[in-house]
Amino acid sequence: MKKMLTLLLGMTVTFQTYQSQTVQNKNPPTKGVKLIVLGNVQDAGSPQIGCKKECCANLWKHPQQDRKVASIGIMDYEVQKTYIFDATPDFTQQVHLLQERSGMPEKTVPDAIFITHAHIGHYTGLMYLGKEAMNSKNVPVYTMPKFKVFLENNGPWSQLVKLNNVTLREMQNEVPVKLSANLEVTPIQVPHRDEYSETVGYLMKGPHKKALFIPDIDKWNKWKHSITDYIKDVDYAFLDATFYDAEEVGYRNVADIPHPFVIESMELFKNLTSKEKKKIFFIHFNHTNKILDTDSEQSRQVLKNGFNIARLGEEVEL
């Protein structure tokens, strides 16, 4: 299924959405870079363990295949390489989707993995690279300094390093990593709960366009950078939308989970031009967030206000 969305400067881009039976891209391009959404759900997935609420009740009996934990993939066709941003609990299926969509059947593991931070939905998929599973060889894993030390000194992750399943590559805040002539990735540190590691978002620069990926952050006003300035500078912005509003998290202390509510972000972005709003793709939805339901009033409101909702399998050109 394809959707046509009009983006910056009136240019049109095709989004390929996920189907339960993924068809391999048998005629992949030989040039260019593409970004693919590999998941849009918060760390613990949907349905979430122990949940008896309405949002999960039917999903226990009828799981939805498009509910994967938030992750982004990159396909660099000129050098025939693929990359994944965050190794989630759904890593196995996400690697397979990236392999199929890229048209690179030999890519049973990405050429590199970039981690945002040490919360369960963002790095625990690394376990599938271990000897109990793939037993991979020297897969590059890009991390910030504190997180590198954590992986090196805490099992079972340290075993991945010891057995050379992964090779840790340390990054520095706001220092670009040049992956090819067509692709550059820059980690940008953001405020978040940093018990075991720093937290970063990523700026991905392709040959023609740029994308920003920030799946987790505290309130926008806690960041030293202006998110609206970043939105104006990039072509796509995949932004933290864990909770729709405060009512949704009435069962928990909001101070313990200070994500920007979707309604707050929409208010902050309301004065952006329609072209700038179209750059924004909300992502990383908690299991209680009704945006997960494409037919919900919340989903309709986001789209009515000129924004987008990241859905599994959507692709954009970089």
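Let me start with a pair of charged residues, Glu-315 and Lys-34, both of which are buried in this model, which, I should say at once, is a predicted one. Their side chains meet in a salt bridge, with 3.5 Å from N to O. Glu-315 belongs to strand β16 whereas Lys-34 belongs to strand β3, residues 33–39, so this contact ties together parts of the chain that are 281 residues apart in sequence. The pair also does not stand alone, since salt bridges with shared partners join Lys-34, Arg-101 and Glu-315 into one network.

That brings me to the sheet in which these strands sit. It is an open sheet of 7 strands with mixed pairing, and the order reads β8-β7-β6-β5-β4-β3-β16. At the edges we find β8, residues 166–170, and β16, residues 315–317; each has a single partner strand, so one side of each is left without a neighbour in the sheet. From one strand to the next, the twist averages 25°.

Let me now go to strand β5, residues 81–85, and ask how many of its 5 residues are buried. The count is 4, so I would describe this strand as mostly covered, taking buried to mean under 20% relative accessible area. On one side, β5 pairs with β4, residues 71–76, in the antiparallel sense and over 5 bridges, and within that pairing Lys-81 of β5 is the bridge partner of Asp-76. The hairpin made by β4 and β5 has 4 residues between the strands, and there Gln-80 takes a positive phi near 55°.

β5 also pairs with β6, residues 112–114, this time in the parallel sense and over 3 bridges, with Tyr-83 standing opposite Ala-112 in β6. To get from β5 to β6, the chain passes through helix α2, residues 91–102, and the resulting β-α-β crossover is right-handed.

Towards the β8 edge, strand β7, residues 139–143, runs parallel to β8 and is joined to it by 5 bridges; here Thr-143 stands opposite Glu-170 in β8. Helix α4, residues 145–153, packs on the sheet at this place, touching both β7 and β8, and its direction makes about 155° with that of β8.

Finally, let me return to the charged pairs, because the structure holds 10 salt bridges and I would like to set two others beside the one I began with. In one of them, the side chains of Glu-174 and Lys-224 meet at 3.9 Å, N to O. This pair, too, links distant parts of the chain, with Glu-174 in the loop between β8 and β9 (177–180) and Lys-224 in the loop between β12 (210–214) and α6 (227–233), 50 residues apart. Are these two residues buried or exposed? Glu-174 is partly exposed, with a relative accessible area of 33%, while Lys-224, with 66%, is exposed.

The other is formed by Glu-267 and Lys-270, whose closest N and O atoms are 2.7 Å apart. Both partners are partly exposed here, Glu-267 with a relative accessible area of 48% and Lys-270 with 44%.

Methods:
Residues are numbered from 1 along each chain as its sequence is written. This is a predicted model: local features need pLDDT of at least 70, side-chain atom pairs count only at pLDDT 80 or more; totals for chains, interfaces and linings use all residues. Side-chain values use heavy atoms; hydrogens and water are left out. Buried means under 20% relative accessible area, exposed over 50%, partly exposed in between (1.4 Å probe, protein chains only). Helices (H or I, at least four residues) and strands (E, at least two) are DSSP runs, numbered from the N terminus. Two strands pair if DSSP finds at least two bridges between them. A crossover is right-handed if, with the strands pointing away from the viewer, the path from the first strand over the helix to the second runs clockwise. Axes are lines fitted to C-alpha atoms, for helices over the stretch in contact, and angles run from 0 to 180 degrees between N-to-C directions. Contact means heavy atoms within 4.5 Å. A salt bridge is a side-chain nitrogen of Lys or Arg within 4 Å of a carboxyl oxygen of Asp or Glu.
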